[in-house]
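Student: I should like a close look at one part of this molecule and at what packs around it. Please treat it as one connected account, with the cut-offs behind each term.

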Amino acid sequence: IKYINSGNYQMDRRTPGFIQSANRLLHTYPTSVIAHGIFWHLILTYVCPVIGICIVFFTGFCLVIGFFCPPKFINAKDCCKGLELAVYITGCDSGFGRDLALRLEKDGFVVFAACLTKEGLRQYNTDKQSSIIPLQVDVTKKEQINDAYLKVSEWLSSSSSDGRNQNQRGLH
């Protein structure tokens, strides 16, 4: 395919002549400035306000839906009676991971809290009443990931203390 140079643009020779002429005209100095000015005038005058109005209506719609239909959070104690649900969370040493682990424990989940450091492990209560199972896992070390996998698999395959079946457990 042979190309012809039209200013800074190359066009295929099979492109019709009127398109090549229009392209050459639109990419020369005075016409280019005028054409781009008209284009952006139309976009900013007509398209942007329509998008803005759509955003305002969509935001209002979401607020109304959020007000009248508040989100329902999964509470393992209420919605899944007879099931023991668990989650595996990394980064539980501090911050968001720690807060999420404590919140999900309060909501009735068994939490496998993966911490990077031993100090992170110590902060979790290891008594029998706690449903947080702290694990030391460096996600860059395959052997620690495998150890955590084995502990979670062991929990999933074991029967719970009150005699329920193993297929009444699930990891999410």
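Tutor: Helices and strands are here DSSP runs, a helix being H or I over at least four residues and a strand E over at least two, and they are numbered from the N terminus. The model is predicted, and local features need a pLDDT of at least 70, side-chain atom pairs count only at pLDDT 80 or more, and totals for chains, interfaces and linings use all residues. Residues are numbered from 1 along each chain as its sequence is written, and side-chain values use heavy atoms, with hydrogens and water left out.

Serine 32, for instance, is found in helix H2, residues 29-68. Buried denotes under 20% relative accessible area, exposed over 50%, and partly exposed the range in between, with a 1.4 Å probe and protein chains only. Serine 32 counts as buried because its relative accessibility is 18%. In the protein chain as a whole, 23% of the 172 residues are buried. The chain has six helices and six strands, in the order β-β-α-α-α-β-α-β-α-β-α-β along the sequence.

The part to examine is helix H4, residues 95-106. The expected span of a helix is 1.5 Å times one less than its number of residues. For the 12 residues of H4 this gives 16 Å, and the end C-alpha atoms lie 17 Å apart, which agrees. Gly97, Ala101 and Leu104 are the buried residues of H4. They lie on the same side of the helix because they cover an arc of only 75 degrees around its axis, the arc being that of the directions from the helix axis to the C-beta atoms. Phe96 and Lys106, on the other side of H4, are exposed. Just after H4, glycine 108 adopts a positive phi of about 105 degrees.

What covers the buried residues of H4 includes strands S3 (84-90), S4 (110-115) and S5 (132-136). S3, H4 and S4 form a right-handed β-α-β unit: with the strands pointing away from the viewer, the path from the first strand over the helix to the second runs clockwise. Two strands pair if DSSP finds at least two bridges between them. S4 pairs in the parallel sense with S3 over five bridges, and with S5, again in the parallel sense, over five bridges. Alanine 113 of S4 stands opposite isoleucine 89 and also opposite proline 134 in S5.

In a regular strand, side chains alternate between the two faces of the sheet. In S4, Val110, Phe112 and Ala114 on one side and Val111, Ala113 and Cys115 on the other are all buried.

A nonpolar core is a set of buried Ala, Val, Leu, Ile, Met, Phe, Trp, Tyr and Cys residues joined through side-chain atoms within 4.5 Å. The largest such core has 12 residues, including Ile89, Ala101, Leu104, Val111 and Ala113. S3, H4 and S4 are the elements that give two or more residues to this core. A second, separate core of nine residues includes Ala86, Val110, Phe112 and Ala148.

Isoleucine 89 links these elements through its contacts, a contact being heavy atoms within 4.5 Å. Leaving aside residues up to four places away in sequence, isoleucine 89 touches Gly97, Leu100, Ala101, Leu104, Val111, Phe112, Ala113 and Ala114.
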